[in-house]
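Work through the exercises below with the sequence and the model at hand. Try each task before reading its solution.

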Amino acid sequence: MAERAAPGGAGPEAAAPVPAGPQGPELSREEKLQLRKEKKQQKKKKRSEKGPAAEPPELGTAPDPGQPRVAAHPASLPALADGPSDGEKPAGGKSKAELRAERRAKQEAERAQKQAKKAELSQAATAAKPRLTPTEPQSVVKRLPEHVQVDDPAAQRKLAKKLERQQVPLRQDYGTKVNLFSHLHQYSRKKPLTQQMSIPSTVIHPAVVRLGLQYSQGIINGSNARCIALLEVFKQLIRDYSTPPNEELSRDLVAKLKPHISFLNQCRPLSASMGNAIKFLKKEISCLPDTLREEEAKEKLQDTIDKYLREKILLAAEAISRSAFEKINDNDVILVYGCSSLVNRTLCDAHVKKGRAFRVIVVDSRPRLEGRETLRRLVRKGIHCTYVMINAISYVLPEVSKVLLGAHALLANGSVMSRVGTSQIALVSKAYNVPVLVCCETYKFCERVQTDSFVSNELDDPDDLIVLRKGQAQLGGWAENKSLRLLNLVYDVTPPDLVDLVITDLGMIPCTSVPVVLRVKNVDQ
């Protein structure tokens with residue numbers, strides 16, 4: 001049995017506490033106080049970890065009236081007084097501020113670790129597939145056509161090397177150009193092409209040489225006529241082709257076509273319709289099965305070209321003629337410009353086959369004066385016509401009921417690319433509230449986007465602007481005058497808001513539907 005402690009101070013050291021069993025000795029008072037003290041310290045440590053809500057009330061404060069009052073044992077007061085106060089750290093524990101700081105530091109460390117992982121993942125994705133921000137310029141720029149980079153020496157050197165590999169001669173420009181159009185080619189028709197460049201007969205097919213000469217001299221004009229002539233020459237080229245040993249027809253024939261296309265492009269820049277036809281032919285050649293014999297493959301390609309000519313040009317013109325007939329009424333006064341084979345056929349069919357009685361005003365412009373050919377064709381069919389120059393359209397438009405125009409190409413943004421002067425006619429017609437209708441086949445629809453006539457166009461021979469009057473040419477010798485430059489543009493671009501309707505082989509559509517037609521064509525092909 002332990003000794004009794006002295007009332008004024010601490011007695012001898014108490015023995016180690018022994019748990020009382022069923023028959024064990026009862027704990028002394030000092031042992032009970034020691035156990036109670038240890039339990040209170042453990043509870044206080046737990047409360048400090050949980051938060052301030054579990055903190056016990058300080059000594060000396062009034063107890064909560066809602067809580068039951070517990071009488072403290074007098075002997076426990078010295079033990080409580082020996083315990084840590086509220087502002088001190090509990091034995092073996094940490095203050096609330098330190099615990100909060102530790103938790104905050106842990107959260108910050110975890111957040112930093114997550115950010116580091118995300119950065120590593122983003123760097124790996126960037127290395128695999130680089131992504132450009134909106135402010136950065138695109139690293140991949142679509143290649144510009146060679147015929148609109150004449151003023152770039154690097155592009156011209158590249159073109160010369162390409163033509164040298166293909167054994168195609170480079171045609172030299174003629175005369176001094178207007179600075180705004182210095183990036184375009186300008187050729188002369190006075191000197192024959194055979195005198196300007198040596199044409200290798202072993203590389204270029206004679207039929208292609210003849211076609212190039214006709215292009216350069218202006219004998220074959222118009223988008224449809226140039227495209228038909230091109231495809232007919234390609235048929236002859238395919239007939240005369242023979243596959244070399246150890247070569248595939250689908251690969252070698254495409255390679256053989258490239259120098260011929262380059263030569264034709266040197267004679268005159270390719271039109272949008274010709275570019276679409278060449279793209280179609282190359283795709284058909286590359287899709288030929290290897291199991292076909294050479295003669296079968298050549299026959300299949302010729303049938304494909306015939307089908308393209310029949311469906312895309314001939315049948316398309318017939319469908320457009322039927323659709324345009326619905327817009328032509330008796331006693332109409334229709335204004336046309338230049339010479340469009342499609343517009344001429346539409347008017348002739350409406351008058352001859354359908355019996356519609358109307359009058360046509362043919363507007364023409366220098367230097368080509370193509371409207372004279374339109375006038376001859378319409379008068380031959382018995383259509384009453386009036387012939388005026390383009391500077392007189394404001395005088396004749398008050399009596400015009402509708403304007404019917406042709407197109408060189410329809411661009412992806414809805415703009416109409418046609419003979420220079422078309423945009424002026426559409427603009428004045430809009431001012432007079434006269435509807436403007438454009439007839440165009442869908443094979444002329446082009447994925448190029450253009451809002452002006454400067455970037456991509458064609459320059460004709462500037463000598464065509466020289467007019468002889470009483471045996472004298474006012475502009476004769478212009479090339480020797482350094483301060484004088486002549487400009488003979490071929491095409492212009494008409495904005496889509498000046499065109500009311502486009503009549504195609506698919507039906508009547510607005511200019512804004514051109515991207516839809518292009519998307520459907522790409523899916524079908």
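**Exercise 1.** Locate Asn276 in this predicted model, decide whether Asn276 is buried or exposed, and list what Asn276 touches.

Solution.
- Step 1: Asn276 belongs to helix α9.
- Step 2: Its relative accessible area is 17%. Buried means under 20%, so Asn276 counts as buried.
- Step 3: Leaving out residues up to four places away in sequence, Asn276 touches Tyr308, Tyr443, Lys444 and Phe445.
- Step 4: With Phe445 there is also a polar contact to name: the Asn276 side chain reaches the backbone oxygen of Phe445 at 3.1 Å.

**Exercise 2.** Describe the largest nonpolar core: which residues touch the most other members, and which elements give two or more residues to this core?

Solution.
- Step 1: The core holds 42 residues, and those touching the most other members are Leu211, Tyr215, Leu230, Phe234 and Phe263.
- Step 2: Two or more residues come from each of α4 (153-165), α6 (206-217), α7 (223-239), α8 (249-267), α9 (272-286) and α10 (294-325).
- Step 3: Take Phe263 as an example. Setting aside neighbours within four places in sequence, Phe263 is in contact with Val168, Leu193, Met197, Ile199, Ile204, Val208, Val209 and Gly212.
- Step 4: Another core, of 29 residues, lies apart from this one; Val333, Val363, Leu405 and Ala412 are among its members.
- Step 5: As background, nonpolar side chains in soluble globular proteins tend to be buried together.

**Exercise 3.** Examine strand β7 (residues 436-439): which residues lie on each of its faces, and in which sense does β7 pair with β4 and with β11?

Solution.
- Step 1: Val436 and Val438 are on one side, Leu437 and Cys439 on the other; all are buried, which leaves both faces of β7 covered.
- Step 2: Strand β4 (residues 402-405) pairs with β7 in the parallel sense over 3 bridges. Here Leu405 has Val438 as its bridge partner.
- Step 3: Strand β11 (residues 501-504) is joined to β7 by 3 bridges, and the two run parallel. Cys439 stands opposite Ile503 of β11.

**Exercise 4.** Give the strand order of the open sheet that contains β5, β6 and β10, and state which strands are at the edge.

Solution.
- Step 1: The 3 strands follow the order β5-β6-β10, with antiparallel pairing.
- Step 2: β5 (409-410) and β10 (491-494) each pair on one side only and are the edge strands.
- Step 3: Strand β6 (residues 416-419) is joined to β10 by 4 bridges, and Arg419 stands opposite Tyr491 in β10.

Note on methods. Residues numbered from 1 in each chain as written. Predicted model: local features only at pLDDT ≥ 70, side-chain atom pairs only at ≥ 80, totals over all residues. Heavy atoms only, no water. Core = buried A, V, L, I, M, F, W, Y, C linked by side-chain atoms within 4.5 Å. Buried < 20%, exposed > 50% of the residue type's maximum accessible area, 1.4 Å probe, protein only. Contact = heavy atoms within 4.5 Å. Polar contact = N/O pair within 3.5 Å; in protein donor to acceptor, adjacent residues only side chain to side chain. Pairing = 2+ DSSP bridges.
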